[in-house]
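Below are my notes on the model, set out as numbered points. Please read them alongside the coordinates.

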Amino acid sequence: MYDYIIIGAGSAGCVLANRLSEDPKNKVLVLEAGPKDSNMWIHVPVGYARTLVDPKVNWLFPTEPDPGTHDRVHVWPRGKVLGGSSSINGLLYIRGQASDYDGWRQLGNEGWGWDDVLPYFIRSEGNQVHKGALHGTDGPLTITNPTEPNPVSDAMIEAGVEAGIPRKADVNEGEQEGIGYYQLTIENGLRVSAAKAYLKPALGRPNLHVVTEALVHKILFEDKRAVGVLYAQGDEVLEARAGKEVILSGGSVNSPQLLELSGVGKADHLKANGIEVISDLPGVGENLQDHYVISMQHKITQNITVNDQAQGLNFLKEVAKYVFMRKGLLSLSAAHVQAFVKTRPELSSPDVQFHILPATMNVEKFKTQQIMELDSFAGLTTAPCQLRPESRGSIHIKSATPTEYPAIRPNYLSDPLDQETAIAGLRFGRKIVEQPAMAQYLGAEIMPGEELQSDDELLDFAREAGSTIYHPVGTCKMGSDPMAVVDSQCRVKGVEGLRVIDASIMPKLISGNTNAPTIMIAEKIADVLLGKPALKAIATAAE
């Protein structure tokens, strides 16, 4: 018997485990389907290139063939390890735009505007770069800048300014438009996952029990109240009981899957799979949104890129630099430079984000197998993604078998606006690299290729070459409309004693990477669970 059972030790689950167990009266159980985070490549930043394809720490969910992207099957990496996706992601720290959260509030989610959530971003932060009223410096999550800027990255920032993008050192203050270096969840050359920041400092508490390699089969109900879980560890099937609440923090794939396996979802779909209906919630698994990224590649005329650092003697030097200084290639994140831009002048805020890295990958291996293998030549990747896509997909179980992956239908580029923005993002990427600041470095365009110029050609390229940038949200959305799954306190509708607390509750995708917002969500609802008053809202100029 526990007070709280947390399903999933990912970005949200680790936060909740820490905050709830701070009170010694709360007995907390955390169940994680994956192993401990002992894999070396989790902690070395550049190791994300390996963990992205490692089934030992990664669910590697295949989607259904996707009509909008030439019926391709996309592979979705999702963390299956302590820390969840924060243990395998690209280490980029982005909050989103103030208007994202004000939009949540306008949808009827009281307490979720920018001024409401900002204090929780601040509480989580141990920002070593930016200080002041809008940042935290002593929170669990360490945030730094890249330790070694690259000349090509520097030139891309200058080129962005020449293309009309404001130079901006900090895009996390609510207003994003600008270009500069990413902020990173790295400390002393090592990844700062949610497990490292939140879970490990709490592991010595006698009231916190963490069980790894424990796959939850279903949530147990008595009448309409969640009272525990059934889970498998090895060959054993075990039961745990919760006196206060069961908290589902499985993420945007696993959370709707487990709700449906437990009898919470669209009644017709549950009955068709032989599952007893506990609560008819048609929104479970719907409202799926994801960032679709399209990589542009150029050759670079000087041997100064990541591709060059990773070869022969240069690589040995980089290994030594990392071992002795915790700098260099092995401390690299998934992108160096961020650019948030408006592709149309009438927009009030940026609609496209660029991930820019002085490196190129073997496209076919990445596209078909998710393998990140560097090309042999010096290169540059400039990758745009639409920040707030209109396309909507779904995630639903295929059977009542807990180990069977659900059907993921992302429906990428199914909305005309998403198609237009994909084309506009590619054209804006070309505009940046063609500026004078890049003249001394820029070689031939590899992708899309200079021969592709028309809108139809660029859209076809986007359909063929793009894929997920690992930000699925929305499948257990928060709101008050008939398709909402949870209320503004993350309580699952139609039942008692059950909350979903993770990225799946986002009603709309935020403008950027989703790890920091997921941690914020857990920080905020932890206060609700503990009966604490919400942190005082901070009025900002961004409002």
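The points that follow cover a helix pair, a buried strand residue, salt bridges and cysteines.

1. Status of the model. The structure is predicted, and the values in this note are to be read with that in mind.

2. Helix 13 and helix 14. Helix 13 spans residues 416-433 and helix 14 spans residues 455-465; their axes lie 9 Å apart, and the packing angle is about 100°. Since angles from 65 to 115 degrees count as roughly perpendicular, the two helices are therefore roughly perpendicular to each other.

3. Residues of that contact. Helix 13 contributes Gln419, Ala422, Ile423, Leu426, Arg427 and Arg430, while helix 14 contributes Asp455, Leu458, Leu459, Phe461, Ala462 and Arg463. By class, the residues in the contact of helix 13 with helix 14 are seven nonpolar, one polar and four charged.

4. A salt bridge between the two helices. Asp455 and Arg427, both listed in the contact above, form a salt bridge with their closest N and O atoms 2.8 Å apart. The pair links distant parts of the chain, with Asp455 in helix 14 and Arg427 in helix 13, 28 residues apart. Asp455 is partly exposed at 41% relative accessibility, and Arg427 is also partly exposed, at 34%.

5. Val30. This residue belongs to strand 2, which covers residues 28-31. Val30 has 0% relative accessibility and so counts as buried, the cut-off being under 20%. Apart from neighbours within four places in sequence, Val30 contacts Ile6, Gly8, Ala9, Ala17, Leu208, His209, Val210 and Val211. As for its position relative to the helix pair, Val30 is 44 Å from Phe461, C-alpha to C-alpha, and the two are 431 residues apart in sequence.

6. Salt bridges overall. How many salt bridges are there? The count is 23. One group forms a network that links Arg19, Glu22, Arg123, Glu523 and Asp527. Within this network, the side chains of Arg19 and Glu22 meet at 3.2 Å, N to O. Arg19 has 13% relative accessibility and counts as buried, whereas Glu22 is partly exposed with a relative accessible area of 39%.

7. Glu346 and Arg344. These two residues form another salt bridge, in which the closest N and O atoms are 2.9 Å apart. Glu346 is exposed, having a relative accessible area of 57%. Arg344, at 29% relative accessibility, counts as partly exposed.

8. Cysteines. The structure has zero disulfides. Cys14 is in no disulfide, and the nearest cysteine sulfur, that of Cys490, is 17 Å away. Why is Cys490 not bonded to Cys476? The sulfur of Cys476 is the closest cysteine sulfur to that of Cys490, but the separation is 10 Å, which is too far for a bond; a disulfide requires the sulfur atoms to be within 2.5 Å. Cys14 is buried, with a relative accessible area of 0%, and Cys490 likewise counts as buried at 0% relative accessibility.

Technical notes. Residues numbered from 1 in each chain as written. Predicted model: local features only at pLDDT ≥ 70, side-chain atom pairs only at ≥ 80, totals over all residues. Heavy atoms only, no water. Axes fitted to C-alpha atoms, helices over the stretch in contact; angles between N-to-C directions. Helix = DSSP H or I, 4+ residues; strand = E, 2+ residues; numbered from the N terminus. Parallel < 35°, antiparallel > 145°, perpendicular 65-115°, else oblique. Contact = heavy atoms within 4.5 Å. Nonpolar A, V, L, I, M, F, W, Y, C, P; charged D, E, K, R; others polar. Buried < 20%, exposed > 50% of the residue type's maximum accessible area, 1.4 Å probe, protein only. Salt bridge = Lys/Arg side-chain N within 4 Å of Asp/Glu carboxyl O.
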